[in-house]
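Visitor: Please take one helix of this model and look at it closely. I would like its extent, its surroundings and what comes after it, with the cut-offs stated.

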Amino acid sequence: MALSKYHNKYSSLIDEEILNRIEAKEDELIEIFKKVSLDNNNNLARVAVLGCADKRFVSAHKILFEKILNRKVDLTTFDISTDHLEGETNVIQHDCTLPLPGSLYDVTFGHVVLKFIETGKQYDFLKNSYDALNLGGIAIHVFDNEEISSENEKLSDGYWRVPLDVWKTKLTEEEIQFMEIDLKYGPALVILKR
């Protein structure tokens with residue numbers, strides 16, 4: 001199957017550009033984990049990555065989480081299509097607006113993913129990332145400022161808007177704990193399963 005335009009763009013990036021993006025993710029995760037931590041002392045952390053733009057990120061995510069959590073990580077990557085991740089391990093084709101398969105996770109992580117999902121299904125994605133957590137786990141969702149909008153359904157580049165204030169209100173109504181953390185390019189919504 002042919003790669004999407006988006007995935008082709010990523011596959012054409014040189015390794016140095018991918019490394020720059022990995023370093024930016026590391027900086028964001030360091031900031032997040034300065035303010036929140038896992039509420040368990042397990043030697044192994046189960047991490048689910050929800051959406052992945054390029055196969056070079058798969059092993060990088062594992063390394064990042066092992067470094068930041070200071071423990072071994074069992075990482076599973078979920079994406080609605082997986083052709084662009086061919087050859088990587090623990091990659092599962094799955095629509096994350098549906099409940100996540102497998103055992104419970106300590107961390108679920110979505111990095112600038114919601115803009116790819118129709119606005120009406122975005123809360124399902126957030127809720128599934130929370131429902132898939134062990135007690136004491138955290139769901140991390142990082143956004144770029146330009147994708148957060150309360151305007152039209154679609155953004156000018158064809159992606160979907162992310163009405164973050166609406167989703168925070170729904171989490172509050174369902175008595176789900178969360179925090180918003182300001183990062184360099186936009187906020188992180190961190191959902192806590194306590």
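Guide: Helices and strands here are DSSP runs, a helix being H or I over at least four residues and a strand E over at least two, with numbering from the N terminus. The model is predicted, so local features need pLDDT of at least 70 and side-chain atom pairs count only at pLDDT 80 or more, while totals for chains, interfaces and linings use all residues. Residues are numbered from 1 along each chain as its sequence is written, and side-chain values use heavy atoms, with hydrogens and water left out.

The helix is α3, residues 56-69, followed by N70, whose phi is positive, near 55°. α3 has 14 residues and spans 21 Å from its first C-alpha to its last, close to the expected 20 Å; that expectation is 1.5 Å times one less than the number of residues.

Burial is assigned by relative accessible area: under 20% is buried, over 50% exposed, and in between partly exposed (1.4 Å probe, protein chains only). The buried residues in α3 are F57, V58, A60, H61, L64, F65 and L69. They lie on the same side of α3 because they cover an arc of only 165° around the axis, the arc being that of the directions from the helix axis to the C-beta atoms. On the other side of α3, I63 and K67 are exposed.

As for partners, the buried residues of α3 pack against the helices α1 (5-11) and α2 (15-35). They also pack against the strands β1 (44-50), β2 and β4 (105-111). Contact here means heavy atoms within 4.5 Å.
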